[in-house]
Amino acid sequence: MLDQIKALDGDFEFEIYVSLTCHNCPDVVQALNLMAVQNPRIRATMIEGGTFQDEVKERQVMAVPTVFLNGTEFGQGRMSLEEILAKIDNSGVEREARKIAAKDPFDVLIVGGGPAGAAAAVYAARKGIRTGVASERFGGQVLDTMGIENFISIKETEGPKFAHALEEHVRDYEVDIMNLQRAKALVPGDLIEVQLESGASLKSKTVIISTGARWRNINVPGEHEFKNKGVAYCPHCDGPLFKGKRVAVIGGGNSGVEAAIDLAGIVGHVTLIEFDTQLRADAVLQRKLKSLKNVDIFTNAQTTEITGDQKVNGLVFKDRATGELKKVELEGVFIQIGLVPNTDWLKGTVELSKHGEIIVDARGQTSVPGVFAAGDATTVPFKQIIIAAGDGAKAALGAFDHLIRTSAPA
């Protein structure tokens, strides 16, 4: 990677807008700083959005980190060094795809590098079998999590730090980690094939799917159009950009209520909107929320539209009891309505629940022999880091048991 950075031809002027509470920003800043150190034709400048609010307003930066390259928006959100290089050096992506396509079959191939995938990799590698991990981004959804206080034996940590520890642990073993690889199809057979978006494919005697989940969208007009222009999903990252402004939080579960409490200390006013007739968050969180003076709560309310021009300027919701439409003027909308499993690429191959989750048995086995699954992408009832890690270990043991009980081609 360092050689690839040094060989980049051209002048690259990066500007990175950050907030001091953003847990994704440091990795992006450090990646671009590293590139600037390695190549004299690369320059990186970090701008703290809360301090330079006029500049943020002028360039319509409404989510962090936001990166500009040579004056044009380059990307938003967490980006690894590998991802940045892939965006500016296509030849590197092609080289990596050719390398992956040439790999020998694995005994266990894990698709996904979150807590479930990491645990599966450690348990499989400890059995002395050929193990690979193909992951879009190692760490998965944990990278977007701020505080972790319920992983037993670790009193308190942060998502990016925890994700780094996962990868370090896996790299202690002989595991072939292939980052920036998104799966697009699963082809069952004596050797199971996983086809990748890059055009390459991998084969393995067994496969463990641990592709996790992503933020659920509300799918109303304006959500897609104003994403990162007032529509946000991470209050820790983007909250400081709305200092003193009016925002809404959609969702009355723990995530939504925690987000509203967090934002109330930064923004001018918070409107929380919940579809159900009552909030679903823990009682202690509800009490805290209702004690705040700058928060309005609407239950039995359905968001119908997010409005705006160049950026968000309001939200429309329907009172489900009366049918009346109400408009709220605001500058930001934080969507906190749960997760959807990353299983679209598996439709028609493995059996999925009505919610799109992979149906697994007590050993993590799916409906396809030799294909196992673990973590938030499955029907496991509680989506927690510690449960995903345990499921990953279970799936690896299940895959190993399958290997020793079935014959494999020579």
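Which residue in β6 does Val-111 stand opposite? I began my notebook with that, and I found Ala-134 in β6 facing Val-111. I should say at once that I am looking at a predicted model.

**Entry 1: strand β5**

I stayed with β5, which covers residues 106-111. I checked how covered the strand is, and 6 of its 6 residues are buried. Next I looked up its partners. Strand β6 (residues 131-135) runs parallel to β5, and 4 bridges join the two. Strand β12 (residues 201-209) is also parallel to β5, with 5 bridges between them. Here Val-111 turned up again, this time opposite Ile-209 in β12. So my opening residue has Ala-134 of β6 opposite it and also Ile-209 of β12.

**Entry 2: aromatic rings**

How many aromatic pairs does a search of the whole structure find? I noted 6. I picked the pair of Phe-298 and Phe-317 to look at: the ring centres are 5.0 Å apart and the planes stand at 45 degrees. I wrote this pair down as tilted, because the angle falls between the limits of 30 degrees for stacked and 60 for edge-to-face.

Then I asked where the two rings sit. Phe-298 belongs to strand β17 (residues 295-298) and Phe-317 to strand β19 (residues 312-319). The pair therefore ties together parts that are 19 residues apart in sequence.

Is Phe-317 buried or exposed? I found it buried, at a relative accessible area of 2%. Phe-298 counts as partly exposed, because its relative accessibility is 28%.

I also came across a cluster: ring pairs link Phe-12, Phe-14 and Phe-74.

**Entry 3: charges over rings**

Phe-74 came back when I turned to charged side chains. Lys-87 lies over the face of Phe-74, and I noted 4.4 Å from the ring centre. Another case is Arg-59, whose charged end sits over the ring of Phe-68 at 4.0 Å from the centre of that ring.

**Entry 4: the second largest pocket**

I moved on to empty space and chose the second largest pocket, with a volume of about 800 Å³. I listed 32 lining residues, and those nearest the centre are Asp-27, Arg-78, Ser-80, Leu-143 and His-164. Two or more lining residues come from each of α2 (25-38), α4 (81-88) and α7 (159-171).

Which element gives the largest share of this lining? My note says α7, with 7 residues. I sorted the lining by kind as well, and it divides into 15 nonpolar, 6 polar and 11 charged residues.

**Entry 5: backbone oddments**

Last, I went through the backbone. The peptide bond from Val-64 to Pro-65 is cis, and I noted omega near -10 degrees. I placed Pro-65 in the loop between α3 (53-58) and β3 (66-69).

I then looked for positive phi in residues other than glycine. Asn-219 has phi near 55 degrees, and Asn-228 has about 65 degrees. Asn-219 lies in the loop between β13 (213-215) and β14 (231-232), and I found Asn-228 in the loop between β13 and β14 too. I looked up the accessibility of Asn-219 before closing the page: this residue is exposed, because its relative accessible area of 65% is over 50%.

Terms used:
Residues numbered from 1 in each chain as written. Predicted model: local features only at pLDDT ≥ 70, side-chain atom pairs only at ≥ 80, totals over all residues. Heavy atoms only, no water. Buried < 20%, exposed > 50% of the residue type's maximum accessible area, 1.4 Å probe, protein only. 1 Å grid on protein atoms, 1.4 Å probe; cavity = no way out; pocket = protein on both sides within 12 Å on 5 of 7 lines; lining within 4 Å. Points joined across faces, edges and corners; volume = space filled by probe spheres on them. Nonpolar A, V, L, I, M, F, W, Y, C, P; charged D, E, K, R; others polar. Phe/Tyr/Trp six-rings, centres within 6.5 Å; stacked < 30°, edge-to-face > 60°. Lys NZ or Arg CZ within 6 Å of the ring centre and 35° of its normal. Pairing = 2+ DSSP bridges.
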